Amino acid sequence: MAGTVLVTGGTGYIAGELIKQLLARGWTIHTTVRSKAKSETALFERFGQPGDRLKVFEAELMSDTGWAEANAGCTHVAHVASPLSSRTPKDENDMIVPAREGTLRALRFAKAAGVKRFVQTSSIAAVAYGRKGKEYTVTEADWTNVDDPNVTPYAKSKTIAERAAREWVAAEGGDLEFVSVNPVLVLGPVDSGDFSPSVEPVKLLLNGSVPRAPDIGFGVVDTRDVADLHVRCLEQPSLAGERFIAAGKFMKMIDVADALRAGMGPSNTRKVPRKTMPAWMASMFMLINPGFRSIKNEIGKVRHSDASHAEKVLGWKTRPVEESIVDCGRSLIEHGVVKV
Ligand code: NAP
């Protein structure tokens with residue numbers, strides 16, 4: 001099946017891979033960017049100038065301008081754009097408001113244009129946070145508790161945006177079918193030196209920014225497989241209201257370090273730490289490096305994410321996380337982001 005689909009945030013890591021896969025499957029793509037002047041040529045170069053099959057529109061999450069044009073003629077939407085940052089913003093509303101307003105705006109314009117299926121790139125951040133306990137497993141039935149004081153602005157933004165979308169669709173969506181994809185940390189090859197904050201842990205380990213691996217971890221999933229899950233959510237019938245976790249296995253930072261060493265060889269991994277950071281060293285690091293304070297509540301936590309729903313309903317699978325980690329590391333070196 002192929003038609004015309006709007007992919008929001010075409011400059012992004014996940015959206016770029018999604019556009020590539022949708023083009024290969026015969027879809028015509030409309031995509032939004034914040035600045036056509038900055039991004040259009042690069043997008044055409046990246047996707048090999050597929051003529052009329054890729055159209056670029058300027059649209060900001062916080063403004064109505066451009067959204068009607070971007071949606072015109074589309075039957076499907078993948079709403080991928082949302083604020084993401086490796087730094088915690090001073091004001092949490094800098095993330096929450098554009099995430100929520102942008103999702104509602106994308107939904108309103110999609111419905112007005114007669115779109116049938118709307119896939120939101122939500123996150124495990126909307127599922128797994130604000131819970132007690134050191135080790136647990138989450139499923140699609142779980143939601144992040146935004147009232148927990150340790151929940152980050154990003155996790156709040158994704159939870160509030162997905163909840164708002166589901167409430168809006170129930171009240172006003174009519175025949176519009178809504179599906180969310182909820183990935184864990186996305187790794188895999190980057191296609192340029194401008195990359196998503198999600199690859200930061202691999203960069204930090206490879207360039208020797210940390211003498212020991214902090215005792216934190218995350219589920220890992222491959223960007224190519226996350227894009228593939230979006231494609232399945234766009235193409236498969238009868239998915240209204242569905243929610244799909246996209247996850248491979250949980251990896252501590254030291255496991256990521258070990259995977260890099262095993263897959264990239266000694267010359268590329270000279271600076272990669274071999275041991276986990278003890279608690280006293282982590283506290284010191286947080287004192288001298290404010291960026292590390294946001295991980296304080298993550299130390300020692302193990303969150304498993306059950307992706308069996310996507311496997312059962314959509315036949316989806318993700319590749320071994322070690323492959324995603326090594327491909328990510330190699331691409332960071334290729335694009336000159338990391339000097340080994
Ligand atoms: P990314 O490469 O940073 O892409 C984010 C995209 O959103 C960019 O195209 C960015 O545009 C756009 N955007 C941000 N704020 C915007 C605004 N105010 N108006 C218009 N566009 C805006 O990040 P990504 O990793 O691909 O993430 C894409 C989506 O996946 C996000 O919804 C994120 O929450 C979700 N997700 C990511 C991960 C992960 O580990 N990467 C995991 C779970 C969920 P500019 O290029 O102009 O900044």
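**Close-up views of a predicted model**

**View 1. Helix α4 and its surroundings.** Helix α4 covers residues 93–112, 20 residues in total. From first C-alpha to last, α4 reaches 27 Å, close to the 28 Å expected at 1.5 Å a residue. The model shown here and in the other views is predicted. Many side chains of α4 are worth locating by name. Its buried residues are Met 95, Ile 96, Pro 98, Ala 99, Gly 102, Thr 103, Leu 104, Arg 105, Ala 106, Leu 107, Phe 109 and Ala 110. Cover for the buried residues of α4 includes two helices, α3 (67–71) and α5. It also includes the strands β4 (76–79), β5 (117–121) and β7 (177–183). After α4 comes Gly 114, with a positive phi near 85°.

**View 2. His 79 in strand β4.** His 79 lies in strand β4. Its relative accessible area is 2%, under the 20% cut-off, so His 79 counts as buried. Three of its contacts, Gly 102, Thr 103 and Ala 106, are also among the buried residues of α4. His 79 also touches Phe 118, Val 119, Gln 120 and Thr 121. Thr 8 and Leu 61 are further contacts of His 79. With Thr 8 there is a polar contact: the two side chains meet at 2.9 Å. Gly 9 is 70 residues from His 79 in sequence, yet their C-alpha atoms are 7.8 Å apart in space.

**View 3. The ligand and its shell.** The shell around the ligand holds 26 residues, and Thr 11, Arg 34, Val 80, Tyr 154 and Ser 196 come nearest. By type, the shell divides into 14 nonpolar, 9 polar and 3 charged residues. Two side chains approach ligand oxygen atoms. A polar side-chain atom of Thr 11 lies 2.6 Å from one ligand oxygen. For Lys 158, a side-chain N or O atom is 2.8 Å from an oxygen atom of the ligand. Leu 61 uses its backbone instead: an N or O atom there lies 3.0 Å from a ligand nitrogen. On its own, the ligand has 890 Å² of accessible area, and the protein covers 86% of that. Elements giving two or more residues to the shell are α1 (13–24), α5 (153–172) and β8 (185–187).

**View 4. Helix α1.** This view follows one of the elements of the ligand shell, α1. The helix has 12 residues and reaches 17 Å between its end C-alpha atoms, close to the 16 Å expected at 1.5 Å a residue. Most of α1 is covered, with 10 of its 12 residues buried. They are Tyr 13, Ile 14, Ala 15, Gly 16, Glu 17, Leu 18, Ile 19, Gln 21, Leu 22 and Leu 23. Just after α1, Gly 26 takes a positive phi of about 95°.

**View 5. Thr 223 in helix α7.** Thr 223 is found in helix α7, residues 223–235. This residue is buried, with a relative accessible area of 2%. On one side of its contact list are Tyr 13, Ile 14 and Glu 17, residues buried in α1. The list continues with Val 186, Leu 187, Gly 188 and Pro 189.

**View 6. Ser 238 in the loop after α7.** Ser 238 is found in the loop between α7 and β10 (243–246). Its relative accessible area is 66%, and Ser 238 is exposed. Most residues other than glycine have a negative phi. Ser 238 has a positive phi, near 55°.

Conventions:
Residues numbered from 1 in each chain as written. Predicted model: local features only at pLDDT ≥ 70, side-chain atom pairs only at ≥ 80, totals over all residues. Heavy atoms only, no water. Near = heavy atom within 4 Å. Polar contact = N/O pair within 3.5 Å; in protein donor to acceptor, adjacent residues only side chain to side chain. Areas by Shrake-Rupley, 256 points an atom, 1.4 Å probe, with all protein chains shown as cover. Helix = DSSP H or I, 4+ residues; strand = E, 2+ residues; numbered from the N terminus. Nonpolar A, V, L, I, M, F, W, Y, C, P; charged D, E, K, R; others polar. Expected span 1.5 Å × (residues − 1). Buried < 20%, exposed > 50% of the residue type's maximum accessible area, 1.4 Å probe, protein only. Contact = heavy atoms within 4.5 Å. Lists of a residue's contacts leave out its neighbours within four places in sequence.
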